[in-house]
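I opened my notebook beside the structure today and jotted down what I looked up, entry by entry. Have the sequence and the 3D view to hand as you read along.

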Amino acid sequence: MAWKIFLFILLAFVSIAGIAFPIVEKPSTWYEFPFIPGLEENAKIIFFHVPTAWLTVIAFLLSTVFSFRYLRSKNLDDDAKAYSAAQLGMVFCILATVTGAVWSKFAWGQYWSWDPRQTSIFAVLLIYGALFALRSSIESEDKRATLSAVYSMIAFVTVPFFIFIMPRIMKGLHPGSADDTNAGPIVDFKMNSNMQLIFFLSMIGFTILFFWMWRVGYRSIIIKDKINKQLTGHSAG
Amino acid sequence: MIAESYSLFKKDFHSELRTRYAINSLAMFIIVAISVILFSIGNETISSSLTGGLFWVVIFFTAMSGLARAFVSEEERGTTLTLQLIASPSTVFSGKLIFNMILVFSMNFIIAIIYSALFENFIVQNFSLFLVTFVLGNIGLAVASTIIAAIIAKAGAKGTLYPVLSFPILLPLILTCVQLTLFSFDGTSFEESKFELAIVVGYDVIMLTASYMLFDFIWKD
């Protein structure tokens, strides 16, 4: 229970700090953020956009890991974990896409410009969508678990192309692209220490929140399956 | 194992020749898709970059219309169990892969010929680069669509799900192949496009390995 209160305070602090702390030319007190050329007031969305994108990747990774474990163990609990991670991943993927599009409108002038990172988040969105379409088309539990596990593993091997290769060959707007003159992520150079602190607190807070939601999600799936089995067992017997 | 895969391929080839289902539907689909594009263009001349993109659009949708047959036909005829008994999963996959590979190569060859005849800006300056892209792209397309076809056949939902599942998997390949096709139109040298070629080669190798490793799980249920 204590950690839930801690998480509430952490996320409340991050939200307030991220939105309300002023951006000034020369920060003098601990609650002032530096003015970053090119980002200006838009810089504040970084506290919410980056964690959602990070959690999309984490959810995808977790989903693949538990799919792999399902294929080895054939234990339906692992499938529930993979499915729940994919559900949350879809939610965070939509959030990352929307916050990214809003940021893109104010920083680059349009909501969508097929920047490599936008292309890759779009592909991840499509993969999640395809995974749910596949799952809903199969009735048998074991078959559904096996086929969706195989599909998410095949989808996972294409991810390096999107995450590591596309941004380096296509012209992009995000930091770290092929033609980026700023040379490197903003986190390293332009944030001052209190901005970094809020940023990493936000990352930690959202990650804990994700694992909590994930645990609730997969437990409820497992319990629902158990109840369904008992109900069908009674009616059959 | 190679001999067994070959005899499996021959079995598919003969049953295909008897019904000619895949060949007919692929050929008609190519004609329909290209004529829709031609009608919508009308009298305008489209740029070479658009031609290169549309080339891969037609290839993608033609592949989606015909390649699922390889495994779906086995499920429809109820011959899956027999195949499971007489051959190992990797043999079955190899046989189906050879069959799909030949289908993809012949259909894309026809598409390329029709494009070069009908589209003014389909002018390949660096022909060897185009050929290498074509071959590598076809291999990747055949491998990815064969493994997705296996999933679709087991899932029981045949028609609409196939392009939905294939598109995200094929996206890196298609994006890179469109890029390489444009390079071959511009006359870019091999030296300048070696990074993109490396991506396509890497994609083919990774897809092939992953497919052979995962096919066992799909095939044995």
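**Entry 1: the order of elements in chain A**

I began by walking along chain A from the N terminus, and its elements run α-β-β-α-α-α-α-α-α. That gives seven helices and two strands in chain A. A reminder to myself: this is a predicted model.

**Entry 2: chain A as a whole**

How many of the residues of chain A count as buried? I found 46% of its 237 residues in that class. Next I looked at contacts in chain A with a separation of 6 or more, and 70% of them are between residues 24 or more positions apart. The area that chain A exposes is about 12,200 Å², and 67% of it comes from carbon and sulfur atoms.

**Entry 3: where chain A meets chain B**

I then turned to the interface. The size of an interface is often given as the accessible area lost when the parts come together. For chain A and chain B, I noted a buried area of about 2,400 Å², with carbon and sulfur atoms giving 88% of it. Which three residues supply more of the area that chain A buries against chain B than any other three? They are Tyr151(A), Ile154(A) and Phe161(A), which supply 23% of that area.

As for residue counts, 26 residues of chain A and 28 residues of chain B take part in the contact. I also looked for charged pairs across this interface, and the rule finds zero salt bridges there. Polar contacts do turn up between the two chains: I wrote down two residue pairs, both at pLDDT 80 or more.

Which elements of chain A give two or more residues to the side that touches chain B? My note says helix 4 (116-137) and helix 5 (141-169). Helix 5 of chain A gives the largest share of that side, with 15 residues. By residue class, the side of chain A that touches chain B holds 20 nonpolar, four polar and two charged residues.

**Entry 4: salt bridges within chain A**

Over all chains, the count comes to 10 salt bridges. I picked out a few to look at closely.

In one of them, the side chains of Asp79(A) and Arg135(A) meet, at 3.1 Å from N to O. Asp79(A) sits in helix 3 (residues 76-108) of chain A and Arg135(A) in helix 4, so this pair ties together parts 56 residues apart in sequence. Are these two partners buried or exposed? Asp79(A) is buried because its relative accessible area is 9%. Arg135(A), at 10% relative accessibility, counts as buried too.

I moved on to Glu141(A), which forms a salt bridge with Lys229(A), with 3.9 Å between the closest N and O atoms. Glu141(A) belongs to helix 5 of chain A and Lys229(A) to helix 7 (residues 193-236), so the pair ties together parts that are 88 residues apart in sequence. Glu141(A) is partly exposed, at a relative accessible area of 25%. Lys229(A) is also partly exposed, with 48%.

**Entry 5: salt bridges in chain B**

Over in chain B, I found a salt bridge between the side chains of Glu76(B) and Arg69(B), at 3.5 Å from N to O. Glu76(B) is exposed, with a relative accessible area of 53%, whereas Arg69(B) is partly exposed, at 24%. I also traced one network in which salt bridges that share partners join Lys11(B), Asp12(B), Glu74(B) and Lys96(B).

**Entry 6: two single residues of chain B**

My next stop was Asn108(B), which lies in helix 6 (residues 89-118) of chain B. Why does Asn108(B) count as buried? Its relative accessibility is 0%, and the class takes in values under 20%. Which residues is Asn108(B) in contact with, leaving aside its neighbours within four places in sequence? I listed Ile59(B), Phe134(B), Asn138(B) and Leu141(B).

Last came Leu85(B), placed in helix 5 (residues 80-86) of chain B. Leu85(B) counts as exposed because its relative accessibility is 75%, and that class takes in values over 50%. I also looked up the separation between the C-alpha atoms of Leu85(B) and Leu182(B): they are 47 Å apart, with their positions 97 residues apart along the chain.

Conventions
Residues numbered from 1 in each chain as written. Chains lettered and ligands numbered in written order. Heavy atoms only, no water. Contact = heavy atoms within 4.5 Å. Buried area = accessible area lost by both parts, 1.4 Å probe. Salt bridge = Lys/Arg side-chain N within 4 Å of Asp/Glu carboxyl O. Polar contact = N/O pair within 3.5 Å; in protein donor to acceptor, adjacent residues only side chain to side chain. Helix = DSSP H or I, 4+ residues; strand = E, 2+ residues; numbered from the N terminus. Nonpolar A, V, L, I, M, F, W, Y, C, P; charged D, E, K, R; others polar. Buried < 20%, exposed > 50% of the residue type's maximum accessible area, 1.4 Å probe, protein only. Areas by Shrake-Rupley, 256 points an atom, 1.4 Å probe, with all protein chains shown as cover.
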